[in-house]
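Work through the exercises below with the sequence and the structure open beside you. Try each task before reading its solution.

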Amino acid sequence: MSFVPLLMAQSVRAQEQQNEPTVITTIKRLSEIERPATNVRELFSQSSTPSSEVVQVTAVKANPTAKGVEVILQTTKGEQLQIKNRSAGNSFIADIPNAQLRLPNGDGFTFRSEKPLAGVSEITVTNSDANTIRVTVIGEASSPTVELFDSDEGLIFGLTTAASIAQQPPKTQPTPQVEQPTNQTQPKQPSGPDNQPIELVVTGEQDGYSVPDATTATKTDTPLRDIPQSIQVVPQQVLRDQQVTRLNDALRNVPGVITTFGSDANSEESSFTIRGFDSGTILRNGLADPVGTRSLELSNIERVEVLKGPASALFGNGSPGGTVNLITKQPLATPYYAVEATVGSDSYYRGAVDLSGPLNDDKTGLYRLNVSYKDAGSFIDFAHGKNLLIAPVLSFAIGERTKLTLEGEYISADTNRLWLPAVGTVLPNPNGEIPRNLNLSGPDRSDNYVHEDIGRIGYSLEHKFSDNWSLKNAFRAIFYHFETSAFLPTSLDPDNRRLNRIFNQGQFNDQAYNLATDIIGKFSTGSIKHQLLFGFDLSRFDYEYLFNNSNAAPIDLFNPVYDQSLGPSLSHQNGSSLIDALGIYIQDQIALSENLKLLLGVRFDAFKETDGDLVANTESSQSGDAFSPRFGIVYQPIQPISLYASYSRSFTPSIGTSFDGSTFEPERATQYEVGVKADLNERISTTLAFYNLTRSNVLTEDPNHPDFSIQTGEQRSRGIEFNIGGEILKGLNVIAGYAYTDATITKDNTYTPGNLLNNVPKNSFNLWTKYEIQSGSLKGLGFGLGLFYVGERQGDLENNFQLPSYLRTDAAIFYKQGQLRAQVNFRNLFNVDYFESATSLLRVYPGEPFTVQGTISWEL
């Protein structure tokens, strides 16, 4: 009998490496190697010819060591094996071709050990296909780094986690419970001069285009293939390859998501629809962020997760179309330093610094600091913007089972409010075409500006009661200041050239607080496995506003003279709102068998909103509650394929009263979804989803009392979405998708039933692909190409006009040499005239013309 022991643990260093090669090597005895390997290149050049015979692995065993845990794969005849290893997200994956798992106890072809040591949530050994065994180690924070050992029993892959090193568990630590025990003896530990570690770095491919798991859909680390709902992740490497700094640009990579705000570099606000409905649901690390779309800079964002459809069963009040969760960069256990500088069209300048590492020798304290600054002009006259971000994070291991993370963020941003009327841009104007670069406010910045200050501070406390039960408590406070002044359009004269305006001045001051506590436990009832989530959250959103509108001189669209004289005040608003909410939720992820899984969840929310009018000195309040259920099922006929179906609901409070004085019920949304998820191979995955989403209790005009509203409106969106992401060939990565969306008004007294929802194309697709040369003198040279198509869509709910379809082409070229990377990005390569979105005949947002940005970055 022979053994292939794998010593499993984890190192954060994996996150800091990028684009290491995936290797296939035959495992050999130390005595068979002609000369000792001293580096990775030499080690993997010493492989023998693989055998095509399928080797049977008849037993699997897990044993603890001083720093980790050994997973031993036992073969029957002492055969040599091959290993193809890689990492994706937080997972280390080793595929063993020409091998098959044949366990003796008849319980199936899967070995699983849950939470075998600190820093690793699960180890599985299973047949990925008829001739390949897959060993997967899921890390809790990052993917592993591997040290290679040789011993009398075979080749050992040694992995250690920062958490396990800090704990230094005693040698008498009990053996973790596993599902497939064997009677084999524990192999000897590597020792002696011939068993020194050989350097082997396996990268955690946060630099990949495929991410295997996410937390947004379940609040637990669940593989995407086990989630009965469509969810897509835009990983860090895609953000980097496209040089994305704004959320709208990141979301172009998600089918079914359409941006609804300007695209120029000076535009900081993010606005979008998901599955046809406006989305205001933004999370940051799983906590609600009511100002999450404002002045968002992505330099401290690790990845963007998008959950399609209602999500109130976990997160409470939210948009029916979907939820966007921004996952921030976390501290690393080994030093990491990166700096980059970008220069581009329209006087675009940006710099960013990313620093991380340990605070002490035993690495129980870690830090990360992201700082960025941008100063940018625009293709629109007189427009100019600035953005400063400072985002520190501290992490502390408190004892063996507790981790505390402190996180802060400060943003200061200046930008503008920019749009054009539809007549003369989208629609014909007898006077000619309005220039895309026209600014309707004028050259004086005080006449058109937005200034924002955002402060976030919070903590996350994680504690493990045991290997199966844990608690997470998180809190965040947000402080937001907004002030603005701008000339706003009110009407266009019959001559189609004189635009009437008002002057708008105002400010917001917001404070938001959110506290959430989750308890997660794993247990079994007979042969049925459960992962239970129970939690509650408390939130408060307190804001005050002050706005004043005054008459202003009109402007000639074709011969603008910026007369900024103001008339009398038209309106003055000064008020406040206080919203308190409590949510209690429970969820059970049930594995009836290895290939049949259920997801059950329900949440109860209670809320109260108090509104004050500081001008009239009046106050009103309204309370409400809502139940939000969720059900899903996943069936996996073979391991790479998941068939799923789900039902989910959401709610949004509707504040106000009808003519008879009764308060409005919350607006509701109900979704039915079925789909297929497939891992086409170990590096590429895809999802095909069909959904029907209905929004009900929509406010519409009361036909008997025109000054009041009733809740008889209804809107429906149904469609198909397809996405694919990963590495097609070595060095060739792709992220792509297609969406068909039919979003219509089905019941309404204000708008005609059958009208299409605005800014929602029936057809859209996205494609971004990157190829990097892997060898030779041009190794490190790469190219990227992107195609983004958005079909025709309505400009307003009245369906008065359409925005034309467009196909935008982006491209990139980059070169990496050691720690240095040079990159040039081209947006709208063929300078296509297009329009991002519209809200009315007076407000159309033009798209960005051809732009170039060059970036130089260095990391260590």
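**Exercise 1.** In this predicted model, find the salt bridge partner of R275 and state how far apart the closest N and O atoms are.

*Solution.*
Step 1. R275 forms a salt bridge with E721, and the closest N and O atoms are 2.9 Å apart.
Step 2. Locate both ends in the chain. R275 lies in the loop between β18 (272-274) and β19 (277-278), while E721 belongs to strand β39 (residues 709-729). The two residues are 446 residues apart, and the pair links distant parts of the chain.
Step 3. Check the exposure: R275 is buried, and so is E721.
Step 4. Look for an aromatic ring beside R275. The charged end of R275 sits over the ring of Y691, 4.0 Å from its centre.
Step 5. A second case of a charge over a ring involves K677, whose charged end sits over the ring of Y644, 5.3 Å from its centre.

**Exercise 2.** D833 forms a salt bridge with R436. Decide for D833 whether it is buried or exposed, and do the same for R436.

*Solution.*
Step 1. The closest N and O atoms of D833 and R436 are 4.0 Å apart.
Step 2. D833 is in the loop between β46 (820-827) and β47 (835-840), and R436 is in the loop between β28 and β29, 397 residues apart.
Step 3. Buried means under 20% relative accessible area, and exposed means over 50%.
Step 4. D833 has a relative accessible area of 54%, so D833 is exposed.
Step 5. R436 has a relative accessible area of 19%, so R436 is buried.

**Exercise 3.** Describe the salt bridge between E667 and R695, then name the residues that salt bridges with shared partners join into one network.

*Solution.*
Step 1. In the pair E667 and R695, the closest N and O atoms are 2.5 Å apart.
Step 2. E667 is in strand β37 (residues 667-681) and R695 is in strand β38 (residues 684-701), 28 residues apart.
Step 3. E667 has a relative accessible area of 11% and is therefore buried. R695, at 21%, is partly exposed.
Step 4. The network consists of R225, D226, K597 and D679, joined by salt bridges that share partners.
Step 5. For the total, the structure holds 35 salt bridges.

**Exercise 4.** Give the strand order of the open sheet formed by five strands, and explain why one side of β16 and of β21 is left without a neighbour in the sheet.

*Solution.*
Step 1. The order is β16-β22-β23-β20-β21, and the pairing is mixed.
Step 2. β16 (231-234) and β21 (287-288) stand at the edges; each has a single partner strand, so one side of each has no neighbour in the sheet.
Step 3. Inside this sheet, take β22 (residues 301-308) and β23 (residues 322-328), which pair in the antiparallel sense over seven bridges. The bridge partner of L307 in β23 is T323.

**Exercise 5.** Which strands pair with β29, and over how many bridges?

*Solution.*
Step 1. β28 (residues 402-415) pairs with β29 (residues 449-464) in the antiparallel sense over 14 bridges. In this pairing K403 stands opposite E462 in β29.
Step 2. β29 also pairs with β30 (residues 469-492), in the antiparallel sense over 16 bridges. K464 stands opposite S470 in β30.
Step 3. β29 and β30 form a hairpin, with four residues between them.

**Exercise 6.** Describe the surroundings of S576 and the aromatic cluster that ring pairs build.

*Solution.*
Step 1. S576 is found in strand β33 (residues 566-593).
Step 2. The relative accessibility of S576 is 19%, so S576 counts as buried.
Step 3. Leaving aside neighbours within four places in sequence, S576 is in contact with Y543, E544, Y545, T610, D611 and G612.
Step 4. Ring pairs link Y480, F482, F508, F541, Y543, Y545 and F547 into a cluster. The count of aromatic pairs comes to 18.

**Exercise 7.** Summarise the whole protein: how many helices and strands are there, and what share of the residues is buried?

*Solution.*
Step 1. There are five helices and 49 strands.
Step 2. Of the 860 residues, 57% count as buried.
Step 3. The protein exposes about 34,300 Å², and carbon and sulfur atoms supply 55% of this area.
Step 4. Among contacts with a separation of 6 or more, 67% come from residues 24 or more positions apart.

How values were computed:
Residues are numbered from 1 along each chain as its sequence is written. This is a predicted model: local features need pLDDT of at least 70, side-chain atom pairs count only at pLDDT 80 or more; totals for chains, interfaces and linings use all residues. Side-chain values use heavy atoms; hydrogens and water are left out. Rings of Phe, Tyr and Trp (its six-membered ring) pair if their centres lie within 6.5 Å; planes under 30 degrees apart count as stacked, over 60 as edge-to-face and the rest as tilted. A charge sits over a ring if NZ of Lys or CZ of Arg is within 6 Å of the ring centre and within 35 degrees of the ring normal. Two strands pair if DSSP finds at least two bridges between them. Buried means under 20% relative accessible area, exposed over 50%, partly exposed in between (1.4 Å probe, protein chains only). Contact means heavy atoms within 4.5 Å. Accessible areas come from the Shrake-Rupley method with a 1.4 Å probe; for residues, only the protein chains shown count as cover. A salt bridge is a side-chain nitrogen of Lys or Arg within 4 Å of a carboxyl oxygen of Asp or Glu.
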